[in-house]
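Reader: I have a protein model open and no idea how to read it. Can we go through some features together?

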Amino acid sequence: MRTQCAIFVGIGLFAALGCSRVQHSFHPYQPVGTALPVEVAVKHKDSEPVSGTVYHRMAGTGAYQAMPMRLRAGQLWALLPTENLQRQDTAEYYIDVNKAGRQYALGSPGSPFVVTFMDKAGMILSSLRDKPFATDTAHEVRIVLLAANQLVDQPTAIYQIPGLPGEIRAPMEADGHGNFQIFIPPHAVRAGTWKYAMEISLNGEIIRIPQHGYRSFFVQPARPHKVALEHTP
C-alpha cells in the first residue's frame, strides 16, 4: 500500500545562557519505549553550588511535574519517565538551573521544549535532509538526499525543469558516504525556478518528501563570456 508521510526535519537545537556557561542540547525526536534524557552542561568552579530542576508533562496535558536533576562532572542530568509513550505522543519540559545563587531559565511553561516520540521508521525519516546545489546554466544541478547511512532503499528524484512540460523521475545514486544524489548536466540545465520532490521506500511504504507539492530553487542564466578583440594597427 502506498502511503504518504509528512517529513519534519529533526535538527538538534542548542540553547545557551550566560556566555555559554549553561548549555542544553535539545533533540526533538526520541524512540518509543525509552526514557528521555535531559542534560545541561554547567561551567562552574568547585566552590560554586549548582542545582537544577526539570519540569515535565506528557502529551501537553495536566500540570508540570518537577524532577530534581543530578550533577555529575559539570553536567546536570535527569531521565524523564517516557517509556510508555506511543508513536506521535509528545513530552514537554523546561529547566531551571541555579548556579551560585543565579537563576538560569531554559524554556518556560508557555514555551517548553517539545519532544515527539517515533517508531523506528519515524526516527529514520526524521534524520533525513535534502538539499539542492545549483548556480547557473553553465554548471550542473545536483539534488542530494542526506541519509547518513540510514537504512533506506534507493530513493527516486522527481523534478521539473523550467520551460519543459511534465516531470522527470529518475533513481538517485549512492555517493559512497551513505547519501544519495542525482546530477543534471549543464547542457540540460535551464534558467528559472526548478521544482523537486523525492520518494523513499521504507518498510514496504512509499513516502514522499515533501508530503504535498514540491520544494523549489532558482537557476540563474550564465553570464556570457567576454571575447577580447585583437587590435590590428
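**Reading the model, feature by feature**

Author: Sure. Keep in mind that this is a predicted model. Let's start with rings: Tyr159, Trp194, Tyr196 and Phe217 form one aromatic cluster.

Reader: How many aromatic pairs does a search of the whole structure find?

Author: It finds 8. Take tyrosine 55 and tyrosine 94: planes under 30 degrees apart count as stacked, and these two rings are at 15° with centres 4.8 Å apart, so the pair is stacked. Tyrosine 55 sits in strand 5 and tyrosine 94 in strand 9, so the pair ties together parts that are 39 residues apart in sequence.

Reader: Are tyrosine 55 and tyrosine 94 buried or partly exposed?

Author: Look at relative accessible area, where buried means under 20%. Tyrosine 94 has 11%, so it is buried, whereas tyrosine 55 has 22% and counts as partly exposed.

Reader: What sits over the ring of tyrosine 214?

Author: The charged end of arginine 208, 5.0 Å from the ring's centre. You can also look for arginine 142, which lies over the face of phenylalanine 133 at 4.5 Å from the ring centre.

Reader: Let's do helices. Which residues of helix 1 are buried?

Author: The general idea comes first. An α-helix has 3.6 residues a turn, so residues three or four places apart point the same way. In helix 1, which runs over residues 120-127, the buried residues are Ala121, Gly122, Ile124, Leu125 and Ser126. They pack against strand 3, strand 11, strand 18 and strand 19. Check the start of helix 1 too: a side-chain oxygen of aspartate 119 comes within 2.8 Å of the backbone nitrogen of glycine 122.

Reader: Now charges. How many salt bridges are there?

Author: The count comes to 5. To read one, look for a side-chain nitrogen of Lys or Arg within 4 Å of a carboxyl oxygen of Asp or Glu. Arginine 215 and aspartate 130 make one, with their closest N and O atoms 2.9 Å apart. Arginine 215 belongs to strand 20 and aspartate 130 to strand 12, so this pair ties together parts 85 residues apart in sequence. Aspartate 130 is buried at 18% relative accessibility, while arginine 215 is partly exposed at 28%.

Reader: Which residue meets glutamate 199 in a salt bridge?

Author: Arginine 169, at 2.8 Å from N to O. Glutamate 199 is in strand 18 and arginine 169 in strand 15, so parts 30 residues apart in sequence are tied together. Glutamate 199 is buried at 12% relative accessible area, and arginine 169 is partly exposed at 46%.

Reader: What is valine 144 in contact with, leaving aside its neighbours within four places in sequence?

Author: Its partners include Asp130, Phe133, Met172 and Met198. Valine 144 is in strand 13, and its 5% relative accessibility makes it count as buried. Its C-alpha is 7.4 Å from that of asparagine 179, although the two residues are 35 apart in sequence.

Reader: And the backbone? Where is proline 210 found?

Author: In the loop between strand 19 and strand 20. The peptide bond leading to proline 210 from isoleucine 209 is cis, with omega near -5°. Phi is another angle to check: alanine 73 has a positive one of about 50° although it is not a glycine. Alanine 73 is in the loop between strand 7 and strand 8, and counts as exposed at 78% relative accessibility. Glutamine 88 also has a positive phi, near 75°, and lies in the loop between strand 8 and strand 9.

Methods: Residues numbered from 1 in each chain as written. Predicted model: local features only at pLDDT ≥ 70, side-chain atom pairs only at ≥ 80, totals over all residues. Heavy atoms only, no water. Phe/Tyr/Trp six-rings, centres within 6.5 Å; stacked < 30°, edge-to-face > 60°. Helix = DSSP H or I, 4+ residues; strand = E, 2+ residues; numbered from the N terminus. Buried < 20%, exposed > 50% of the residue type's maximum accessible area, 1.4 Å probe, protein only. Lys NZ or Arg CZ within 6 Å of the ring centre and 35° of its normal. Contact = heavy atoms within 4.5 Å. Polar contact = N/O pair within 3.5 Å; in protein donor to acceptor, adjacent residues only side chain to side chain.
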